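Q: I'm new to this structure and would like a close look at one part of it. Please take the empty space inside, with enough about the rest to find my way around.

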Amino acid sequence: LCNPCVQGRELTMVSARRTVALAACAAVLPEAAAFMAPLPLGAARMGSRSAATTRPVQSLRATAAAAPHTVEGYGDMSNIVLSGLKGVALKDKVFPTKREVEAIMPEGTWNRDDKISLAYAACSVTLSLGVAALAAAFLPMTMAWLPVWAAYWYAAGTIWTGMWVIAHECGHGAFSDNKMLQDTVGYVLHTALMVPYFSWQRSHAVHHSKTNHVLEGETHVPYTMESGKKTLAKREAFRSALGERVGDLLYGGIRMVSHLVFGWPAYLMAGVTGGPVRGVTNHFIPIGPFSTGNKNTELFPGAWKKKVWLSDIGIVAMVGLLTAWSMTFGVWHMLALYVAPLCVTNMWLVLYTWLQHTDTDVPHFTGKNWSYIKGAFMSIDRPYGAVFDFLHHKIGSTHVVHHIDCTIPHYRALAATKAVEKAFPDHYLYDPTPLPEAMWRVSTQCIAVEERDNKWVFVQGKDGETPEIPATHTPTPNPVSGHWGHPSFSA
């Protein structure tokens with residue numbers, strides 16, 4: 001889907017364009033500021049200007065540990081914090097091919113049934129419209145009812161995420177073999193949620209094609225220790241001024257808010273946390289200054305530009321509808337019933353993407369050390385519970401299989417997940433850590449990666465500390481199960 005061949009002369013033109021697009025984002029999302037430095041080698045966020053031009057990235061070791069602490073089979077483990085995965089993702093191992101993984105999946109894994117797909121879509125739409133209609137009918141627009149409105153925002157935004165997931169499945173080609181039906185459903189649902197359908201279809205396909213690639217990945221690509229100096233310095237400043245405990249509390253809170261609240265619009269408008277090789281991107285404007293102009297590095301090459309403009313038509317129409325709504329019933333009515341829940345939906349989207357590909361002991365790769373299947377197996381399934389699994393179609397608890405092959409319908413992903421979990425216990429990642437704890441760990445300790453041997457690892461642990469790796473790997477089973485009592489919906 002993309003072949004980013006980075007050359008210095010191709011990306012230097014991007015540096016001059018970055019300042020304009022990211023100035024606004026830097027004000028609300030601190031991470032955006034790091035994108036504003038010129039990138040003479042085309043390796044955005046891979047290092048400072050001086051470092052990038054005077055020494056190779058491979059030679060950098062920014063952690064304070066005086067010497068590496070090597071663990072056999074894992075490499076240098078100093079300054080690394082273990083998650084609920086207990087370091088299994090860091091263990092050196094041979095990965096199967098994509099074909100070998102697909103061979104163990106159940107028969108019918110790729111069967112897309114229009115009736116089942118439409119039933120799920122109808123369920124999410126009905127619940128979404130229903131909760132909004134109840135609020136419009138029964139909740140008074142007064143401050144006294146603000147706590148109830150807040151509950152509605154959370155409930156509605158959480159429920160609407162189900163529609164988001166269905167549209168996401170359409171974008172992957174997993175909804176139906178009927179392309180017109182599929183794109184119609186996806187376009188309508190995503191547009192209703194202010195998502196440019198075809199634009200995001202393309203960028204998300206790139207995300208899948210380069211998962212956990214330090215240079216060519218798309219969304220939640222981490223800083224390196226060199227490029228992340230400023231944000232790491234902020235954490236140390238908070239610690240120095242307030243103590244480690246309170247400093248981390250403030251830093252983690254700010255980072256969590258910046259990602260969950262501002263992360264999605266910043267990504268759509270300026271490609272913040274997107275692929276370094278692609279420079280500043282914009283999901284609504286596929287041309288300069290938001291394009292490298294090179295087919296190997298631009299996010300929307302060739303015919304995709306027309307599809308971006310087609311997506312914009314829907315967004316403009318949606319803005320028109322919201323304007324008419326505001327003029328008829330008042331701005332606050334529209335904000336309370338639509339915009340506030342939409343913000344919660346956007347938070348869910350960021351949370352899923354962040355947690356499914358990031359943790360303290362989940363590495364990134366580059367060059368010959370990266371492969372498609374290795375990146376897919378760096379995805380993490382997590383325990384979202386029966387309610388969220390039902391509303392969100394198990395997008396977070398069957399995410400590994402989704403990255404192995406995104407054309408598998410979500411209602412077939414559970415059976416495929418169980419098969420992969422059984423056949424590849426040393427590769428499949430399931431972290432039983434409760435979501436609030438996992439989110440806090442990722443917010444405070446997954447800041448920047450450092451290259452060690454054949455992988456890039458987060459090194460925000462205490463200097464000189466080496467985690468204790470279990471002698472044997474005993475994976476925690478993924479407890480996700482089926483629902484609705486129908487054979488198509490269960491393992």
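A: **Inside the chain**

Of the 491 residues in the chain, 57% are buried, where buried means under 20% relative accessible area, exposed means over 50%, and partly exposed is what falls in between (1.4 Å probe, protein chains only). Keep in mind that this is a predicted model, so local features need pLDDT of at least 70 and side-chain atom pairs count only at pLDDT 80 or more, while totals for chains, interfaces and linings use all residues. Residues are numbered from 1 along each chain as its sequence is written, and side-chain values use heavy atoms, with hydrogens and water left out.

Now for the layout. The chain has 16 helices and five strands; these are DSSP runs numbered from the N terminus, with helices being H or I over at least four residues and strands E over at least two. Take the contacts (heavy atoms within 4.5 Å) with a separation of 6 or more: 75% of them join residues 24 or more positions apart. On the outside, the chain exposes about 20500 Å², with 66% of that coming from carbon and sulfur atoms; the areas come from the Shrake-Rupley method with a 1.4 Å probe, and for residues only the protein chains shown count as cover.

On to the empty space. Rolling a probe the size of a water molecule over the atoms shows where empty space is left. Here a cavity is a set of points, on a 1 Å grid over the protein atoms alone, where a 1.4 Å probe fits but cannot get out, and its lining residues have an atom within 4 Å of a point. Grid points are joined across faces, edges and corners, and the volume is the space filled by probe spheres set on the points.

Counted that way, there are eight cavities of 30 Å³ or more. The largest one holds about 350 Å³. It is lined by 24 residues, and the closest to its centre are W264, L349, V350, Y352 and T353. Four helices each give two or more residues to this lining: α5 (146–172), α7 (197–209), α9 (244–270) and α11. The largest share, six residues, is supplied by α11. The lining has twelve nonpolar residues, twelve polar ones and no charged ones; Ala, Val, Leu, Ile, Met, Phe, Trp, Tyr, Cys and Pro count as nonpolar, Asp, Glu, Lys and Arg as charged, and the others, Gly among them, as polar.

For charged residues, look at the salt bridges, meaning a side-chain nitrogen of Lys or Arg within 4 Å of a carboxyl oxygen of Asp or Glu. There are 18 of them. D359 pairs with R441, with the closest N and O atoms 2.8 Å apart. D359 sits in the loop between α11 (331–357) and α12 (372–376), while R441 is in helix α16 (residues 435–445), so this pair links parts of the chain 82 residues apart. Both partners are buried. R441 also bridges to D431, at 3.0 Å between the closest N and O atoms. Since D431 lies in the loop between α15 (410–423) and α16, this pair ties together parts that are ten residues apart in sequence. D431 is buried too, like R441.

Elsewhere, D248 meets R239 in a salt bridge at 2.7 Å, N to O. D248 is buried, with a relative accessible area of 15%. These two belong to a salt-bridge network with R235 and E236.

Terms used
1 Å grid on protein atoms, 1.4 Å probe; cavity = no way out; pocket = protein on both sides within 12 Å on 5 of 7 lines; lining within 4 Å.
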